[in-house]
Amino acid sequence: MPSPSGPTAAGSAVRVILASQSPRRRELLTLVGITHEVRPADIDETVLPGEAPVPHCERLARGKAQALAAAEPGSLVIGSDTIVVVDGDILGKPRDREEAIHMLTRLAGREHTVYTAVAVAHAGEIRSGVEAVQVQFRPLNRPQIEGYVDTKEPMDKAGAYGIQGYGATIVERIEGDYFAVMGLPLGRMITLIRDLGFQYAFGSITT
Ligand SMILES: Cc1cn([C@H]2C[C@H](O)[C@@H](COP(=O)(O)OP(=O)(O)OP(=O)(O)O)O2)c(=O)[nH]c1=O
């Protein structure tokens, strides 16, 4: 007997909620065919005293997923968080132009690490993981940095750059998952969704 929401032999389609305001995350979910609703989670993103980068971004990804999961027990909720780390310092989104210039000055001509955590929650269960990516920047002089900041692209992005935009011209090399740098590690996410007991068949998530 076919179910009302998904009449395939593989099972019923599950409702997916992306707990994010990030247009990049929406774009990436759509890229792999996952139909979803967007419900941004408003949580405190302050780094706790003594909190290391990896536990920090994983805690935030889980917090974003959990913020919606309790009210949506039948849905699969996805939360994610991206940070840039250089010399042990966590760089989140710049507060203003000066901070963006400062971040890019620190990153120019050297390597940093991008960490993106993803958490998936369903029916009281949650799975999460963190992808680490090494990113080498090309050298940048002050006019180049200011010109880039003036495009406004850096302003809503961790570390003040977007690898998927003008920032592509600044990146010399990456080692790791490109999609994690952009904001959502798609392969890791699907693994976690499968760990929760769902099927993913290139386009749909089913029970
Ligand atoms: C490094 C890098 C980050 N980013 C983005 C991804 C994230 O949107 C953002 C990091 O901030 P986050 O706090 O992870 O995400 P967000 O505030 O945009 O959205 P939400 O918390 O609602 O999920 O930086 C890029 O788009 N490209 C890049 O190359």
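Is D81 buried or exposed? D81 is buried: 26 other C-beta atoms sit within 10 Å, and the cut-off for that label is 20 or more. Keep in mind while browsing the views below that this is a predicted model.

**View 1. The whole protein, before zooming in.** The fold comes to six helices and nine strands. Laid along the principal axes, the C-alpha atoms of the protein fill a box of roughly 65 × 35 × 25 Å. The radius of gyration is 18 Å, which agrees with the value near 17 Å that a compact globule of 207 residues would have. Of those 207 residues, 37% are buried. Take the contacts between residues at least 6 apart in sequence, and 69% of them turn out to join residues at least 24 apart.

**View 2. D81 and the residues it touches.** D81 lies in strand 3. The UniProt record, an unreviewed entry, lists D81 under "active site". Leaving out residues up to four places away in sequence, D81 touches C57, L60, A61 and K64, plus T116 and A117. With 26 other C-beta atoms within 10 Å, there's plenty around D81 to put it in the buried class.

**View 3. The shell around the ligand.** There are 25 residues around the ligand, and S20, S22, K157, I163 and G183 come nearest. By type, the shell divides into ten polar, eight nonpolar and seven charged residues. Helix 1 (23-31), strand 3 (76-86) and helix 5 (178-182) supply at least two shell residues each. Strand 3 gives the largest share, with four residues. That's the strand that holds D81, too.

**View 4. Helix 1 and its buried face.** R24, R25, L28 and L29 are the ones to pick out here, as they are buried in helix 1. Looking down the helix axis, the buried residues fall within an arc of 130 degrees, so they line one face of helix 1. The face turned away from that buried side carries P23 and T30, both exposed. As for what covers the buried residues of helix 1, the list includes strand 1 (16-18), strand 3, helix 5 and helix 6 (186-195). Just past the end of helix 1 comes G33, with a positive phi of about 80 degrees.

**View 5. Helix 6 and its strand cover.** Helix 6 buries R188, M189, L192 and I193. These residues cover an arc of only 140 degrees around the axis, which puts them on the same side of helix 6. Among the elements covering the buried residues of helix 6 are strand 3, strand 5 (111-122) and strand 6 (125-137). Strand 8 (199-200) and strand 9 (205-206) also belong to that cover. After helix 6 comes G197, whose phi is positive, near 105 degrees.

**View 6. L196, in the loop after helix 6.** L196 is placed in the loop between helix 6 and strand 8. Here the count is 16 C-beta neighbours inside 10 Å, so L196 gets the label partly exposed. Setting aside neighbours within four places in sequence, L196 is in contact with V120, H122, E125 and R127. There's also a link across the chain to look for: L196 and L76 are 120 residues apart in sequence, yet their C-alpha atoms are separated by 9.5 Å.

Conventions:
Residues numbered from 1 in each chain as written. Predicted model: local features only at pLDDT ≥ 70, side-chain atom pairs only at ≥ 80, totals over all residues. Near = placed C-beta within 6 Å. Nonpolar A, V, L, I, M, F, W, Y, C, P; charged D, E, K, R; others polar. Rg over C-alpha atoms; globule rule 2.2 N^0.38 Å. Buried ≥ 20, exposed ≤ 12 C-beta atoms within 10 Å, placed from the backbone. Contact = placed C-beta atoms within 7 Å. UniProt positions renumbered as here; feature names shortened; annotations may be inferred. Arc of directions from axis to C-beta.
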